[in-house]
Amino acid sequence: MVDSKAYIGHLVEVKMDRPIGEKHPKHGFIYPVNYGYVPNTVSGDGAELDCYVLGVFEPLEKFKGKCIAVIHRLNDNDDKLIIVPEEKEYSNDAIRALTEFQERFFESIIIR
């Protein structure tokens with residue numbers, strides 16, 4: 001299992017399984033940001049390590065960007081990396097606002 005905090009400050013390659021504009025297969029909401037995973041990793045939930053890609057406003061298949069934070073869910077064993085273009089930065093409030101569409105269902109903290 002990977003330590004998600006080890007990615008903070010590093011460039012990360014993300015493969016999208018839910019590009020911006022795609023509908024969630026079970027819950028029906030539309031993804032307002034690109035959402036994907038780091039290939040060949042194992043997260044706390046047994047699946048690959050998930051990522052929100054912020055600051056890119058078109059659907060992507062893959063993306064290489066900087067990890068600026070981790071959303072650590074307190075009531076679910078599933079961390080989420082926050083990946084942005086290298087020149088971008090987002091505050092914790094902005095991260096919360098941009099990921100609220102999904103994270104509102106969980107208790108979490110943002111780790112920097």
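Modeller: Two strands are said to pair if DSSP finds at least two bridges between them. The structure discussed here is a predicted model, and we can begin with its strands.

Colleague: Which residue in S4 stands opposite Glu13?

Modeller: Strand S1, which covers residues 11–18, pairs in the antiparallel sense with strand S4, residues 62–73, and five bridges hold the record of that pairing. Within S4, the residue that stands opposite Glu13 is Lys64.

Colleague: Through how many residues does the hairpin join S4 to S5?

Modeller: S4 also pairs in the antiparallel sense with strand S5, residues 80–84, over five bridges, and here Cys67 stands opposite Ile83 in S5. The connection from S4 to S5 is a hairpin, and the number of residues it passes through is six.

Colleague: What is the bridge partner of Arg73 in S6?

Modeller: Strand S6, residues 108–111, pairs with S4 in the antiparallel sense over four bridges. Arg73 also has its charged end over the ring of Phe106, 3.5 Å from the ring centre. In S6, the bridge partner of Arg73 is Ser108.

Colleague: Is Ile111 buried or exposed?

Modeller: Ile111 lies in strand S6, and, leaving aside residues up to four places away in sequence, Ile111 touches Lys5, Ile8, Ala69, Val70 and His72. Its relative accessible area is 19%. Because buried means under 20%, Ile111 counts as buried.

Colleague: And is Asn40 buried or exposed?

Modeller: Asn40 is found in the loop between strand S2 (34–38) and strand S3 (49–53). Most residues other than glycine have a negative phi, yet Asn40, although not a glycine, has a positive phi of about 60°. The relative accessible area of Asn40 is 76%, so this residue is exposed.

Colleague: Why is the pair of Tyr31 and Phe101 edge-to-face?

Modeller: The structure holds six aromatic pairs, including the tilted one of Phe29 and Tyr31, with 5.2 Å from centre to centre and 55° between the planes. For Tyr31 and Phe101 the ring centres are 5.5 Å apart. Planes over 60 degrees apart count as edge-to-face, so what decides the matter for Tyr31 and Phe101 is the angle of their planes, 75°.

Colleague: How many residues apart are Tyr31 and Phe101?

Modeller: Tyr31 and Phe101 are both buried, and they belong to one aromatic cluster with Phe29, Tyr35 and Tyr52. Tyr31 is in the loop between S1 and S2, whereas Phe101 is in helix H1 (residues 92–103), so that the pair links distant parts of the chain, and the number of residues by which they are apart is 70.

Key:
Residues are numbered from 1 along each chain as its sequence is written. This is a predicted model: local features need pLDDT of at least 70, side-chain atom pairs count only at pLDDT 80 or more; totals for chains, interfaces and linings use all residues. Side-chain values use heavy atoms; hydrogens and water are left out. Helices (H or I, at least four residues) and strands (E, at least two) are DSSP runs, numbered from the N terminus. Buried means under 20% relative accessible area, exposed over 50%, partly exposed in between (1.4 Å probe, protein chains only). Contact means heavy atoms within 4.5 Å. Rings of Phe, Tyr and Trp (its six-membered ring) pair if their centres lie within 6.5 Å; planes under 30 degrees apart count as stacked, over 60 as edge-to-face and the rest as tilted. A charge sits over a ring if NZ of Lys or CZ of Arg is within 6 Å of the ring centre and within 35 degrees of the ring normal.
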